[in-house]
Every structure is written in C-alpha cells, then in structure tokens.
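Work through the following exercises with the sequence and the model side by side. Each task is followed by a solution in steps.

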Amino acid sequence: MLITVICVIIFVFIVLPKIINQNEKEGATIKNSKTLIVYYSRTGITKAVAELIQEKVGGDLVQIETKESRPTDYRMEVEQNAQEQESATLPELKTIITNFENYDRIFIGAPTWNMALPQAVVSFLNSYNFEKKTVIPFNTNGGYGPGSTFRR
Ligand SMILES: Cc1cc2nc3c(=O)[nH]c(=O)nc-3n(C[C@H](O)[C@H](O)[C@H](O)COP(=O)(O)O)c2cc1C
C-alpha cells in the first residue's frame with residue numbers, strides 16, 4: 001500500500017510535470033516552425049489534400065504553376081507529359097517562392113503522371129536548395145500506385 005502511494009506521488013509530482021513540459025516544448029517547436037505546403041494539381045485532388053494539411057498544421061499554401069498553360073484536354077496532357085518526361089524537358093515555372101530560405105518544413109504534393117513525377121514538379125525541385133529542410137512529400141494517383149513519384 002505504502003509503495004503504491006509513493007509511486008503515485010512520484011508519478012504525479014515528478015514524472016507527469018516533465019511529460020507535460022516536454023509536450024508543450026514540442027508543440028511550441030511545431031507551431032514556430034515555418035511551414036510551406038506546395039502542390040501541383042490539375043483537377044484539384046492534390047490541392048484538396050494540400051488544403052487539409054494546411055488546416056491541420058498551418059503554414060503557407062502555394063500552387064506550382066507553369067509559365068505556359070497546360071492542355072485542358074486529358075489525352076493531350078497525357079501525350080505532352082510523356083514527351084516531356086522522355087526528353088527530360090523542364091517546363092518553366094510561373095510560381096516563384098522568393099522567401100524560400102525562411103521555411104524549414106516543406107510539404108510537396110504531386111499527382112503521379114505516367115507512373116512518375118510531372119516534370120513541372122521536377123522543375124520546382126531543381127529550383128531550390130533543400131539542404132537542412134524537412135521535406136514531406138505527398139501524392140495522389142489514379143489507383144495504379146505512385147510508381148517512381150516518391151523516389152524522384
Ligand atoms: C497526364 C496524367 C498522367 C497520369 N498518370 C497516372 C499514372 O501513371 N498512374 C495513376 O495512378 N494515375 C495517373 N494519373 C491520374 C492522377 O494521378 C490522379 O487523378 C491524381 O489524383 C490527380 O490529381 P490532381 O487532381 O491534383 O491533378 C494521371 C493523370 C494525368 C493527367
């Protein structure tokens with residue numbers, strides 16, 4: 001009985017305050033970290049996931065957009081994308097993140113295109129220095145799986 005009482009006292013007055021303090025510190029770190037959520041999205045599915053992430057963790061939401069507009073016709077986009085992937089063409093981006101160095105946590109969302117990453121997202125990855133940043137990739141796809149999207 002006495003041992004149980006001593007254990008409860010130790011837990012309540014020594015262990016619990018430490019746990020609470022630690023959790024508060026971690027919460028503060030997450031809140032203070034500058035978060036960027038970037039996404040590429042043709043039909044809005046990856047955009048919807050990006051918005052959910054923003055709702056949960058906060059941060060700035062930015063859409064990756066190309067300088068030249070993309071085909072609206074699905075078949076034409078499939079064809080253009082396949083050509084760009086085959087020739088490793090990097091589309092120029094309209095989206096420029098001028099304060100990129102201010103972010104330390106970056107979510108990057110992309111749909112799978114032709115079992116790989118759309119070349120516009122490759123352009124984005126090539127445009128910035130991700131050293132010392134925490135990068136969290138996320139993906140949507142039509143059900144064939146992400147292919148090489150995450151590896152890339
Ligand atoms: C050009 C193109 C190629 C695609 N290739 C694939 C594929 O290889 N595998 C797959 O599962 N889905 C593929 N999809 C479907 C998209 O990955 C899927 O619909 C995705 O959720 C769309 O996201 P978004 O609405 O953000 O553009 C392709 C879609 C397009 C437009």
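**Burial and overall order**

Buried residues, meaning those with 20 or more other C-beta atoms within 10 Å of their own C-beta atom as placed from the backbone, account for 18% of the 152 residues in the protein. The model is a predicted one, in which local features need pLDDT of at least 70, side-chain atom pairs count only at pLDDT 80 or more, and totals for chains, interfaces and linings use all residues. Residues are numbered from 1 along each chain as its sequence is written.

**Exercise 1.** Determine in which order the elements of the protein run from the N terminus on.

Solution. Begin with the helices (DSSP runs of H or I, at least four residues) and the strands (runs of E, at least two), numbered from the N terminus; the protein has 4 helices and 4 strands. Then read along the chain, where the elements follow the order α-β-α-β-α-β-α-β.

**Exercise 2.** Describe the shell around the ligand by its residues and by the helices that supply them.

Solution. Taking as near each residue whose C-beta atom, placed from the backbone, lies within 6 Å of the molecule, one finds 20 residues around the ligand, the closest being Ser-41, Ile-45, Thr-46, Pro-111 and Gly-142. Next, helix 2 (45–57) and helix 3 (74–87) each contribute at least two residues to this shell.

**Exercise 3.** Locate Ala-88 and state whether this residue is buried or exposed.

Solution. Ala-88 sits in the loop between helix 3 and strand 3 (105–111), and its phi is near 55°, a positive value in a residue other than glycine. Most residues other than glycine have a negative phi. Finally, Ala-88 has 8 other C-beta atoms within 10 Å and is therefore exposed, the cut-off being 12 or fewer.
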